[in-house]
Amino acid sequence: MKITIRQPDDWHLHLRDGDMLNAVVGSSARHFGRALIMPNLVPPVVTGADALAYRERIEQAVAATQTVNGFTPLMTLYLTDTTQAEDVVAAAADGLVLAVKLYPAGATTNSSSGVTDIGKVMPVLEAMAKHDIVLCVHGEVTDPAVDIFDREARFIETVLQPLRLALPELRIVMEHVTTRDGVEYISSSRSHLAGTLTPHHLMINRNHLLVGGIRPHYYCLPIAKREEHRLALVAAACSGDARFFLGTDSAPHTKSSKESDCGCAGVFNAANTLVCVASVFDEANALDQLEAFVSLNGPRWYGLTPNVATLTLTKTAEPNAIPDPVPVADEWVMPFDPARPVYWHVS
Ligand code: DOR
Ligand code: ZN
């Protein structure tokens, strides 16, 4: 079986910097036309000048991989308590950044410079609403009293809904949705709200992470939830609803930093995202919706045209091997193991 679709884009990608950037960028550039690049470097990408310099480093790394698809990095800014509205508006007006990322301080990897109180960034968010600049949110509360499995649902209730009521004109992407609550919240919204879904949250639940031994390579944030939530995510992805689109959240960490006393959050899935997602859609008898999810809904939300190039996926009797570990400096990055045979291949 074969399916040809417009070339996909990745609407949520961590490429890092330096050796790691050079090691992983080819995995994305091989398959994707564009990717929305997350700004959680250390120090973060806060200003337009930071984004410009980072984009140049990414372009150099892409050139060094000699993949010829013309992969385009689309940049984001990292919202801090002290971000200046004028800088955000100018960077968006220049076409330099497509969105601004809100990390609640302490929510995840490299989020210590994030927002400590949404009230502090209201002037920036008001300017973004006025100029139609998209806000991408890491939707988890950080209150230590809130259970890690409840943090997404609590964020919707205590941060997202009040924010949307206060600023109905602000367009928001709830990134890496992991719960039925998130899916239902987005599905029931009238406008100005969309959600990205990751391949790993479409394929694993919390049992994969914790049963029969702890699997550090499945640890990511938001953490994988119960099976009922995974099923809600699959239904949303396969529904054809234009508010849902692919954001891989591919987030490379070295093997030793994952397999450690205090392992880092993040799944490196860039190399096998498309075969994994095709497999999920195939199992759901929804291959006719695959192109919308990976190639059409995202550009539509961001006001861009779909890629002109195409990509062909083939299903064979031979399962696809898990991609090889990627060497970085004297270490490795371990690709996502989808925990089941995947019969799809990128042709
Ligand atoms: O698992 C994650 N890893 N979630 C995030 O939100 C950040 C990411 C990273 O940068 O490693
Ligand atoms: Zn992320």
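**View 1. The zinc site.** The donors of the zinc ion (ligand 2) are spaced along the chain as H-x1-H-x234-D, where a donor is an N, O or S atom within 2.8 Å of the metal (3.2 Å for Na, K and Ca), and water is not among the atoms, so sites may look incomplete. In this predicted model, local features need pLDDT of at least 70 and side-chain atom pairs count only at pLDDT 80 or more, whereas totals for chains, interfaces and linings use all residues. Residues are numbered from 1 along each chain as its sequence is written, chains are lettered from A and ligands numbered from 1 in the order in which they are written, and side-chain values use heavy atoms, with hydrogens and water left out. Coordination of the zinc ion (ligand 2) comes from H12 (NE2), H14 (NE2) and D249 (OD), at 2.0 to 2.1 Å.

**View 2. H12 and D249.** H12 lies in strand β2 (residues 10-13), while D249, 237 residues apart from H12, sits in the loop between β9 (244-246) and α10 (255-258); helices (H or I, at least four residues) and strands (E, at least two) are DSSP runs, numbered from the N terminus. Both H12 and D249 are buried, a term for under 20% relative accessible area, with exposed meaning over 50% and partly exposed in between (1.4 Å probe, protein chains only).

**View 3. The largest nonpolar core.** This core has 96 residues, of which L125, L135, F281, L290 and L313 touch the most other members; a nonpolar core is a set of buried Ala, Val, Leu, Ile, Met, Phe, Trp, Tyr and Cys residues joined through side-chain atoms within 4.5 Å. Helix α11 (residues 273-283) contributes the largest share of this core, 7 residues. Leaving aside residues up to four places away in sequence, F281 touches A237, C238, A286, L287, Q289, L290 and F293, contact meaning heavy atoms within 4.5 Å. A second, separate core of 14 residues includes W11, L36, L74 and C136.

**View 4. Cysteines without a disulfide.** With a disulfide taken as a pair of cysteine sulfur atoms within 2.5 Å, the count comes to 0 disulfides. C238 is in no disulfide, the nearest cysteine sulfur, that of C276, being 14 Å away, and C238 is buried at a relative accessible area of 11%. The sulfur of C262 is 7.3 Å from the closest cysteine sulfur, in C264, which is too far for a bond, and C262 counts as exposed at 65% relative accessibility.

**View 5. L231 in helix α9.** L231 belongs to helix α9 (residues 227-238) and is partly exposed, with a relative accessible area of 45%. Although L231 and R180 are 51 residues apart along the chain, their C-alpha atoms are separated by 8.2 Å.
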